[in-house]
Amino acid sequence: MLDVLLIPAALLLLFALRAVHDGEYRLHGHLMTALFTLVGLRLVLHPRGLSPAHRTLWLSTLGAAGLTILLGRAALAWREARSTHPAVLRIHRSVGTATLLGLALTTLVWLLRQRG
């Protein structure tokens, strides 16, 4: 039943990607943090429902997402002229793309799991 929490997480991801496309970088950050919190909440509420392999995949994906959020804060600081490090924007995009691919792979593995 807790897997239903992943539906609003998918919607948050779509809205966050739309926000960054529209140039709303602060809204993008808020939505991605809400997504991170929602998926983390799913893992905390019922960890026994996942096998150790699935739990490891989800935790590594959440770790990558946390790193991406921290890099996103630095990228936002550069966009708002509070930083002089433009390279952080490219790093954030690269790590974000890798995190998104990891999330897609983790979700695919989760959807194809054998229920026993």
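Me: Which residues of α2 and α3 meet, and what makes them count as being in contact?

Reply: On the α2 side they are Tyr25, Arg26, Met32, Thr33, Phe36, Val39, Gly40 and Leu43, and in α3 they meet Trp58, Leu59, Leu62, Ala65, Gly66, Ile69, Leu76 and Arg79. Contact here means heavy atoms within 4.5 Å. Do keep in mind that this is a predicted model, where local features need pLDDT of at least 70 and side-chain atom pairs count only at pLDDT 80 or more, while totals for chains, interfaces and linings use all residues. Residues are numbered from 1 along each chain as its sequence is written, and side-chain values use heavy atoms, with hydrogens and water left out.

Me: Why is the direction of α2 relative to α3 described as it is?

Reply: Helices α2 and α3 pack at an angle of about 160°, and their axes are 10 Å apart. The axes are lines fitted to C-alpha atoms, for helices over the stretch in contact, and the angle runs from 0 to 180 degrees between N-to-C directions. On that scale, under 35 degrees is roughly parallel, over 145 roughly antiparallel, 65 to 115 roughly perpendicular and the rest oblique. The α2 and α3 pair is therefore roughly antiparallel. As for handedness, α2 passes α3 in a left-handed crossing (the near helix is turned anticlockwise from the far one by less than a right angle; clockwise would be right-handed).

Me: What makes Arg79 and Tyr25 a charge-over-ring pair?

Reply: The charged end of arginine 79 sits 3.9 Å from the centre of the tyrosine 25 ring, and over that ring. To count, NZ of Lys or CZ of Arg has to be within 6 Å of the ring centre and within 35 degrees of the ring normal. Tyr25 and Arg79 are also among the residues listed where α2 meets α3.

Me: And how many aromatic pairs does the structure hold?

Reply: Zero. A pair would need the ring centres of Phe, Tyr or Trp (its six-membered ring) within 6.5 Å, with planes under 30 degrees apart counted as stacked, over 60 as edge-to-face and the rest as tilted.

Me: How do you know how α1 runs relative to α2?

Reply: Their packing angle is about 165°, with the axes 8 Å apart. Helices α1 and α2 are therefore roughly antiparallel, and their crossing is left-handed. Residues of α1 in this interface include Leu12, Leu13, Phe15 and Ala16, and those of α2 include Leu27, His28, Leu31 and Leu35.

Me: Why is histidine 28 called buried or exposed?

Reply: Its relative accessibility is 14%, so histidine 28 counts as buried (buried is under 20% relative accessible area, exposed over 50%, partly exposed in between, with a 1.4 Å probe and protein chains only). Histidine 28 is found in helix α2, residues 25-45. Leaving aside residues up to four places away in sequence, histidine 28 touches Ala16, Leu17, Ala19 and Val20.

Me: What puts alanine 10 and alanine 74 in their accessibility classes?

Reply: Alanine 10, in helix α1, has 42% relative accessibility, so it counts as partly exposed. Alanine 74, in helix α3 (residues 52-79), has 29% and therefore counts as partly exposed. Alanine 74 is 14 residues from valine 88 in sequence and 6.6 Å from it in space, C-alpha to C-alpha.

Me: Which class do alanine 81 and histidine 85 fall into, and why?

Reply: Alanine 81 has a relative accessible area of 69%, so it is exposed. Histidine 85, at 52%, therefore counts as exposed. Alanine 81 is placed in the loop between α3 and α4, where histidine 85 is found too. The phi of alanine 81 is near 60°, a positive value in a residue other than glycine.

Me: What makes α3 and α4 the kind of pair they are?

Reply: Their axes come within 8 Å and cross at roughly 155°. That angle makes α3 roughly antiparallel to α4. The crossing, with α3 passing α4, is left-handed.

Me: How many helices and strands does the protein have, and what counts as one?

Reply: There are four helices and zero strands, giving the pattern α-α-α-α along the sequence. Helices (H or I, at least four residues) and strands (E, at least two) are DSSP runs, numbered from the N terminus. The C-alpha trace spans about 55 × 20 × 20 Å along its principal axes, and buried residues make up 30% of the 116 residues.
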